[in-house]
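Biologist: Hello! Please give me a close look at the salt bridges in this model, with the chain around them. I would like to follow along residue by residue.

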Amino acid sequence: MAEYSYVYDSACSKLACVSENEASFLHRKIFVEEEYGHLNYRCGKHIVDVGGNIGVFSKYAAHRGGDDTIVWSFEPMPPLFKCLQANVRDTDKVYNLGIGHTGRVKMDYLPNYTLLSGYHASLNQNHYEKVANNNSVDVDVKHAFKSTQYEVVIVPLSMALKPIVESDGMISIL
């Protein structure tokens with residue numbers, strides 16, 4: 001059984017997500033406001049999304065790049081990776097890996113604010129509390145920073161993209 005829910009856009013396209021509010025925010029920024037609309041999605045066959053989260057950018061890049069484009073997405077957090085898998089095309093490549101120095105590291109997964117998940121993410125809680133207080137923002141920062149740790153595999157980008165390099169493939173966007 002899936003550990004995620006779905007949100008739907010105006011075209012009734014579904015988007016698997018952990019947080020419906022966060023998915024709606026990402027969808028609005030990427031698809032509606034086209035924050036990445038200025039990029040050239042058709043100058044090569046491959047588009048790389050490092051830190052793919054739930055795959056909103058990957059889905060957008062696939063749409064903009066067309067059927068001949070392959071999106072390579074990397075997301076180390078298991079709950080986000082499950083959503084990413086559900087949100088991309090069968091022809092795209094998704095990897096449950098982080099990008100960096102080779103090894104295994106513990107990363108903080110923040111299910112109530114997945115965009116801030118990452119290496120030592122929970123250490124930022126005090127900073128966000130100060131920002132919220134200084135700006136009179138009524139937000140439950142402790143709730144947002146409730147975290148679970150996952151031990152994740154990290155590989156260098158050069159290793160992750162080796163199949164593209166060996167095939168003399170051109171990368172459109174990295």
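Modeller: Gladly! A salt bridge here is a side-chain nitrogen of Lys or Arg within 4 Å of a carboxyl oxygen of Asp or Glu. The model is predicted, so local features need pLDDT of at least 70 and side-chain atom pairs pLDDT 80 or more, while totals for chains, interfaces and linings use all residues. Residues are numbered from 1 along each chain as its sequence is written, and side-chain values use heavy atoms, leaving out hydrogens and water.

By that rule, 8 salt bridges are counted. One of them joins K142 to E129, whose closest N and O atoms are 3.7 Å apart. K142 sits in helix α5 and E129 in helix α4, so this pair ties together parts that are 13 residues apart in sequence. (Helices are DSSP runs of H or I with at least four residues, strands are runs of E with at least two, and both are numbered from the N terminus.) K142 is exposed, with a relative accessible area of 59%; the cut-offs are under 20% for buried, over 50% for exposed, and partly exposed in between, using a 1.4 Å probe and protein chains only.

Just beyond α5 (141-144), in the loop that leads to β8 (148-155), you will find F145. In contrast to K142, F145 is buried, at 5% relative accessible area. F145 and N124 are 21 residues apart along the chain, and 8.5 Å separates their C-alpha atoms.

Now follow the chain into β8, where R104 and E151 meet through their side chains at 3.2 Å, N to O. R104 belongs to strand β7 and E151 to strand β8, so the salt bridge connects parts that are 47 residues apart in sequence. R104 counts as exposed at 53% relative accessibility, whereas E151 is partly exposed at 46%.

These two strands belong to an open sheet of 3 strands, ordered β6-β8-β7 with mixed pairing. Its edges are β6 (98-99) and β7, each of which pairs on one side only. Strands count as paired if DSSP finds at least two bridges between them. β6 and β8 run parallel and are joined by 2 bridges, with G98 standing opposite I154 of β8.

After β7 (103-109), the loop towards α4 (125-134) holds Y113. Y113 is partly exposed, with a relative accessible area of 34%.

Next comes a pair within a single helix: K162 and E166 form a salt bridge with an N to O distance of 3.8 Å. Both residues lie in helix α7, 4 residues apart, about one turn of the helix. K162 counts as partly exposed at 45% relative accessibility, and E166 as exposed at 57%. V165 is in this helix too, which covers residues 162-166, and at 55% V165 also counts as exposed. From V165 to L26 there are 139 residues in sequence and 31 Å in space, C-alpha to C-alpha.

Finally, look towards the start of the chain, where R28, K29, E33 and E35 are linked in a network of salt bridges. To sum up what your display can show, look for K142 with E129 across two helices, R104 with E151 across two strands, K162 with E166 inside α7, and the four-residue network of R28, K29, E33 and E35.
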